[in-house]
Amino acid sequence: MSGSGAPEGDDYSATVLGSHWFSGPPDTTKRMPPEEVAPDRVEGSVLRFGPGVTAAMPAPFPLDVARAVAPSPRRRLAGLRRYALAALVLAAVLAYLGWQRLGPGIEVRDVAVSTDPKGPACDAAADVVAVVATNGRPGVLTYRWVRSDGTRSEELTERVPRGQREARLHLLWTFRGTGSYPAKAELHLVSPGQRTAAVDFTYRCSP
């Protein structure tokens with residue numbers, strides 16, 4: 001027996017194994033769980049790993065739709081301008097129609113009364129005409145005739161249509177008999193406004 005205390009034999013040899021060696025076949029029954037790799041950074045719903053990069057996931061659907069559908073500021077401005085122009089034209093038309101219907105009424109600019117200066121013939125009627133100048137607006141004239149013989153008419157009316165700037169009012173004054181008679185016919189405008197106009201003439205009829 002040698003001093004080392006190891007068994008002796010012809011076919012025996014001692015081998016010292018280092019710590020990086022293993023004895024026998026590898027044990028496949030025990031497997032270590034794979035080490036989880038944490039992502040380097042997170043961008044939205046896309047996880048990026050380094051040094052390589054995994055396949056990127058698509059961005060959230062609502063965000064893409066909002067960017068694709070939302071009109072550009074220039075298009076929105078053009079649309080607003082079109083709507084504003086249409087609204088302005090419509091407002092102008094409505095204002096004009098309202099002014100035509102509800103605007104200022106008829107106004108009298110002038111009144112003049114005339115007849116044949118020779119006067120009527122024997123046993124005939126004098127045609128006395130009052131010309132009332134207006135502003136062309138529609139409305140109603142209210143008036144009465146007053147004669148120099150002491151008679152007067154009741155209040156009369158004349159409807160003036162839109163665009164007509166002149167109204168003609170007639171008085172037929174009939175004379176009978178022989179002789180000479182100075183006459184005067186007056187128009188009293190009651191409304192709109194109060195105006196008076198008159199004309200003088202002479203009836204002559206010789207026997």
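This note walks through the predicted model point by point.

1. **Overall make-up.** The model is predicted. The chain holds 2 helices and 9 strands. Along the sequence they run β-β-α-α-β-β-β-β-β-β-β. Two strands thus come ahead of the helices in that pattern, and a run of strands follows them.

2. **Burial and surface.** The chain has 207 residues, and 20% of them count as buried. The exposed area is about 16100 Å². Carbon and sulfur atoms supply 58% of that area.

3. **Contacts along the chain.** Take the contacts with a separation of 6 or more. Residues 24 or more positions apart account for 61% of them.

4. **The largest nonpolar core.** How many residues make up the largest nonpolar core? It has 26. Val113, Val128, Val132, Leu141, Trp145 and Leu187 have the most contacts inside this core. At least two core residues come from each of these strands: E3 (108-114), E4 (125-134), E5, E7 (166-174), E8 (179-191) and E9 (195-205). E9 gives the largest share, 5 residues. As background, nonpolar side chains in soluble globular proteins tend to be buried together.

5. **Val128 in that core.** Val128 is among the core residues with the most contacts inside the core. Which residues does Val128 touch, leaving aside neighbours within four places in sequence? They are Val113, Ser114, Thr115, Trp145, Leu169, His170, Leu171, Ala185, Val199 and Phe201. Val113 and Trp145, also in this contact list, are likewise named among the core residues with the most contacts.

6. **Thr142, a buried position in E5.** Thr142 sits in strand E5 (residues 139-147). Is Thr142 buried or exposed? Its relative accessible area is 14%, so Thr142 is buried, since the cut-off for buried is under 20%. Beyond neighbours within four places in sequence, Thr142 is in contact with Glu155, Leu156 and Thr157. Its contacts also include His188, Leu189, Val190 and Ser191.

7. **Salt bridge Glu155 to Arg144.** The structure holds 4 salt bridges. In one of them, the side chains of Glu155 and Arg144 meet at 4.0 Å, N to O. Glu155 lies in the loop between E5 and strand E6 (156-160), and Arg144 in strand E5, so the pair ties together parts that are 11 residues apart in sequence. Glu155 is partly exposed, at 44% relative accessibility. Glu155 is also one of the contacts of Thr142.

8. **Two further salt bridges.** Arg147 pairs with Asp149 at 2.8 Å, N to O. Arg147 counts as partly exposed at 23% relative accessibility. Asp149 counts as partly exposed too, at 35%. Lys184 and Glu186 form another salt bridge, at 3.4 Å, N to O. Lys184 is partly exposed, with 32% relative accessibility. In general, side chains of opposite charge can pair when their charged atoms come close.

9. **A nonpolar patch outside.** Which residues form a nonpolar patch on the surface? They are Leu85, Leu88, Val89 and Val93. Together they have about 380 Å² of accessible area. Leu85 belongs to helix H2 (residues 73-102). Leu85 has 54% relative accessibility, so it counts as exposed, because the cut-off for exposed is over 50%.

Key. Residues numbered from 1 in each chain as written. Predicted model: local features only at pLDDT ≥ 70, side-chain atom pairs only at ≥ 80, totals over all residues. Heavy atoms only, no water. Patch = residues over 30% accessible without salt bridge, like charges linked within 9 Å, V, L, I, M, F, W, Y side chains within 5 Å. Areas by Shrake-Rupley, 256 points an atom, 1.4 Å probe, with all protein chains shown as cover. Helix = DSSP H or I, 4+ residues; strand = E, 2+ residues; numbered from the N terminus. Buried < 20%, exposed > 50% of the residue type's maximum accessible area, 1.4 Å probe, protein only. Contact = heavy atoms within 4.5 Å. Core = buried A, V, L, I, M, F, W, Y, C linked by side-chain atoms within 4.5 Å.
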